[in-house]
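Hi,

Here is the structure I promised to pass on. Have a look at it first, and then read on for my notes on what turned up.

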Amino acid sequence: MSPREETPMHAEINAGSARRMNFARLASMREAGLIVIILALCVAMTFASPHFLTWGNLRAMMMGFSIEGIVVVGMTILLIVGGIDLSVGSVVCFSMVISGALFLAGLDPWTASLIGIAASALIGAIMGFFVTAVGLSHFITSLAAMVIVRGLCLIITKGTPLSLFSLPDSFKAIGQGSFHNIPYVILIFLVVVVVFDLLLRRATAFRKVFYTGSNQKAAQFSGIKTNQVKFWVTVLCSGLAGFAGVIYMARFGAATPTFGAGMELNIIAAAVIGGASLNGGSGTIFGAILGMALLSVVTSSLILLDVSVYWQEMIKGCILLAAVSIDHFLHRKKS
Amino acid sequence: MTQAPILEIRGVSKTFGPVKALSDVRFELRRGEIHALCGENGAGKSTLMNILAGVLQPSEGEILLDGERVTIASPAAAQRLGIGLVHQEIALCPDATVAENIYMAAINTRRAPLMNFQKLYVEAQKVMDQLAPIPVRTKVADLSISNQQLVEIAKALTLDCKVLMLDEPTAALTESEAQRLFSIVRGLQQRGISVVYISHRMAEIFSLCDRVTVFRDGQYVATDRIADVSPDDVVRKMVGREITQLYPDKLTGAPGRALLSVKGLSDSDCFSNVDLELRTGEILGIGGLIGAGRSEIAQTICGLRPATAGQVEIDGKPKRIRNYSDAVKAGLVYLSEDRKASGVFLDMPISANISALDLKKVTSLGMLNRRAEDRQANELTKRLGVRMSGIGAAVSTLSGGNQQKVAIAKQLSVDPRVILMDEPTRGIDVGAKVEIHRLLRQLASNGVGIVVISSELPELIGLCDRVMVVREGRIAGELSADALGEEAIMRLASGVQDPSNSKQQAAHVA
């Protein structure tokens, strides 16, 4: 085509880019904004409730979002590649149930846990197969997996919780012990976050995740095997969910077949609040963890303020809606 | 002819910002005629069609329908006036039935709250049967492309149109399907419908149409009776512009050894038995109409699409290319024609865009070496003269020309032997265009093989040392530097073989 008919589009590109530069600044402001909101909430809560700023409460909050935070890491990377995983709650439970059942069958808990994590990763591999080889969407595939895996948990446990009080103390320490008064759970969480944040920013393999999520066609035209990238990220997300499941098992000393139901919504909400785009191509682990922290502070505040459980759900839903609206607004402007 | 024309356009102009897509054009469609509208890509045909279909509003000028002045404010208004447009691209709902698609526009204006499906099917079948016996309860997705095209036409017919505009209706059809379409169009003509027929194919125009109007660069050139002109005249009128000296000097002397040679390349649906040879120092052009298979050939050479037969040699050595990574390793890179959709990562930094093709080069121990990545980006952007705020800026912040330079920088980052460029200057302003052309010439003289696919004839002629023309998936011919000309290319591309026997051939096709 000749330049004559193209030039108006051209002008649009330029106008769009100026706008987008502002949004880039806005996106980095999102993390700063989240920190401000979280701190403001904390300050307000300190005045509102004497129980908020106690070591016990903070520790409980941190413990609470630490294990979910590990799942958020995987979910964020999956969102960046343009996918989504609704099955993480079921997979967390699946990992607990498999490891627990194997332990009760006589296996040592460490081996049992490794098998539990591997089985979770296998669920991810099966989903990855359906997404890349069959060509289904992540949404539908993981929706099906969510239900199927939950069913597996119920089948394995015959519907009753597995009691795992006989787990050795050395294993339970992962979930219950502390190092210099800092729970191992929080330390593990921090290591996972730091490692994956670094990898996501620096590792070549993870750069391909951004390329694929940003523009799959252009990534293919750059020789990136986008299906492979999507497959392995799906496996990683499920694997991290399985890892979280094992920690939950160590913490609770039990494996309940209904555990983790609805967790996926919290996880996705956290990642999206933290700036991950459901259209792929953008997101940071730091932001997602801040999103998680915000949801956690809100939940904790609502409990301390004695707000009814029913209201809690509604308020969390509204926060999610607001965050997704912002996401949509940013991306509508883009295209 | 004393009767007023059914449709008349007087002094219509259309500007997009500072750009004039149409300036002061006229067009006259007589009652019951088939009138061809010709012009190169970008001549303004589509703009005029969109104005008549109510999609665009003219900046100036008037439209007369049946002698009365009309304003076509929206596609719905065009439908009410009896103007139907069949787009070049099929725009049907694939999951709905033929009947639902045919009556889509009518359903849209209906007031009744419920659908009367029985009546819908009966009525739709009546309309469809005028064209071809396609069962209207079939889903559109289950139809062949040519039948989908007929559904598009049926859709226009339900609007009881007086004027039917067909935009390259045979682009997706085989020869026999096209013949069937021609007899249908003649049938419509006999029913008193006036037809505007847009096509690049001279043979079709000369066998089907009564008159032909030519546009060039958004301006009206001429209207002639088909009986009074030859295909050659029409082609000459379409391209008859002066070529300004915007292009770098061509290769002097003979090209060197063979760099890339392709033999007998075929794929399953788009093209077959393509031979191609590129020598060092020369720029090889590939011309042809949109949809002729040019991009598909280039993408298949680079392993982006599967080939069913053929072999590729680089520097005389046969290479097995199963995917794009193989091609890049062999030194073959492809620059996509659709920069925004598949060429660059708009939201990502310039440096990350440039390194995307060969990440290994900037990786040590699995981690990205940011310093190496930045160094490479700085070198290449400097060499190509990319105007930017810095290599960390998102590509979306650049102008089209600079975005394209980043895309080219990405290709150069792997030190390729051969670059296949698909529309390298599409949508780029003239200044950047000249720079890119100079760059390509410079690369060619440094021994990098350059293949340029272009829809712009002046670009092919001005830039390339040799041009191959593709028509309907086959190499229609090759033009050396001294034989290069817009008419020669158009003749090969549209299938008019030689001025002397073109009439004869046109008659033969009919």
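Confidence first, since this is a predicted model. Chain B has an average pLDDT of 84, and 91% of its residues score at least 70. The weak spot is at the end of the chain: over residues 499-510 of chain B the pLDDT is below 50, and this stretch makes 21 contacts in the model beyond near neighbours in sequence. Where pLDDT is low, the predicted coordinates shouldn't be read in detail. Ranked by element, helix 19 (residues 502-509) of chain B has the lowest mean pLDDT of that chain, at 40. Strand 20 (residues 449-453) of chain B has the highest, at 93. For the complex, the predictor gives an ipTM of 0.76 and a pTM of 0.72.

Now chain A. This chain has 13 helices and four strands. Of its 335 residues, 45% count as buried. If you take the contacts in chain A between residues at least 6 apart in sequence, 78% of them join residues at least 24 apart.

One helix there is a nice one to click through. In helix 6 (residues 169-176) of chain A, the buried residues are Phe171(A), Ile174(A) and Gly175(A). They cover an arc of only 90° around the axis, so they sit on the same side of helix 6 of chain A. The general rule behind this is that an α-helix has 3.6 residues a turn, so residues three or four places apart point the same way. Asp169(A) and Ser170(A) are exposed, on the face of helix 6 of chain A turned away from the buried side. And what covers the buried residues? The cover includes helix 4 (109-134), helix 7 (184-202) and helix 10 (226-252) of chain A.

On to chain B. The domain assignment splits this chain into domain 1 (7-239), domain 2 (245-331 + 416-510) and domain 3 (343-415). Between domain 1 and domain 2 of chain B, the C-alpha centres are 32 Å apart.

Start with strand 7 (residues 163-167) of chain B. Five of its five residues are buried, so strand 7 of chain B is largely enclosed by the rest of the structure. Val163(B), Met165(B) and Asp167(B) are on one side, with Leu164(B) and Leu166(B) on the other, and both faces are covered. Strand 7 of chain B pairs in the parallel sense with strand 6 (residues 83-86) of chain B over four bridges, where Val86(B) has Leu166(B) as its bridge partner. It also pairs with strand 8 (residues 194-198) of chain B, again in the parallel sense, over five bridges. There, Met165(B) stands opposite Val196(B).

Strand 16 (residues 332-335) of chain B is covered on both faces too: Leu332(B) and Tyr334(B) are buried on one side, Val333(B) and Leu335(B) on the other. Its parallel pairing with strand 19 (residues 418-422) of chain B runs over four bridges, and Leu332(B) stands opposite Val418(B).

There is also an open sheet of four strands in chain B, in the order 12-11-14-15, with antiparallel pairing. Strand 12 (274-279) and strand 15 (317-319) of chain B are at the edges with a single partner strand each, so one side of each is left without a neighbour in the sheet. On average, neighbouring strands of this sheet are turned by 20° against each other, direction ignored. Strand 14 (residues 309-314) and strand 15 of chain B pair over three bridges in the antiparallel sense, with Ile314(B) and Lys317(B) as bridge partners. Helix 10 (residues 294-301) of chain B packs on the sheet, touching strand 11 (258-266), strand 12 and strand 14 of chain B. Its direction makes about 110° with that of strand 11 of chain B.

Last, two backbone oddities. Most residues other than glycine have a negative phi. Asp66(B) has a positive one, near 55°, and is found in the loop between strand 4 (60-65) and strand 5 (68-70) of chain B. With 15 C-beta neighbours inside 10 Å, Asp66(B) counts as partly exposed. Glu472(B) has a positive phi as well, about 50°, and lies in the loop between strand 21 (466-471) and strand 22 (474-480) of chain B. Glu472(B) counts as partly exposed too, with 17 C-beta neighbours inside 10 Å.

Cheers

Definitions and conventions
Residues are numbered from 1 along each chain as its sequence is written. Chains are lettered from A and ligands numbered from 1 in the order in which they are written. This is a predicted model: local features need pLDDT of at least 70, side-chain atom pairs count only at pLDDT 80 or more; totals for chains, interfaces and linings use all residues. Helices (H or I, at least four residues) and strands (E, at least two) are DSSP runs, numbered from the N terminus. A residue is buried if 20 or more other C-beta atoms lie within 10 Å of its own, exposed if 12 or fewer, and partly exposed in between; C-beta atoms are placed from the backbone. Two residues are in contact if their C-beta atoms, placed from the backbone, lie within 7 Å. Two strands pair if DSSP finds at least two bridges between them. Domain bounds come from an automatic or database domain assignment. pLDDT is the predictor's confidence in each residue, from 0 to 100. Axes are lines fitted to C-alpha atoms, for helices over the stretch in contact, and angles run from 0 to 180 degrees between N-to-C directions. The arc is that of the directions from the helix axis to the C-beta atoms.
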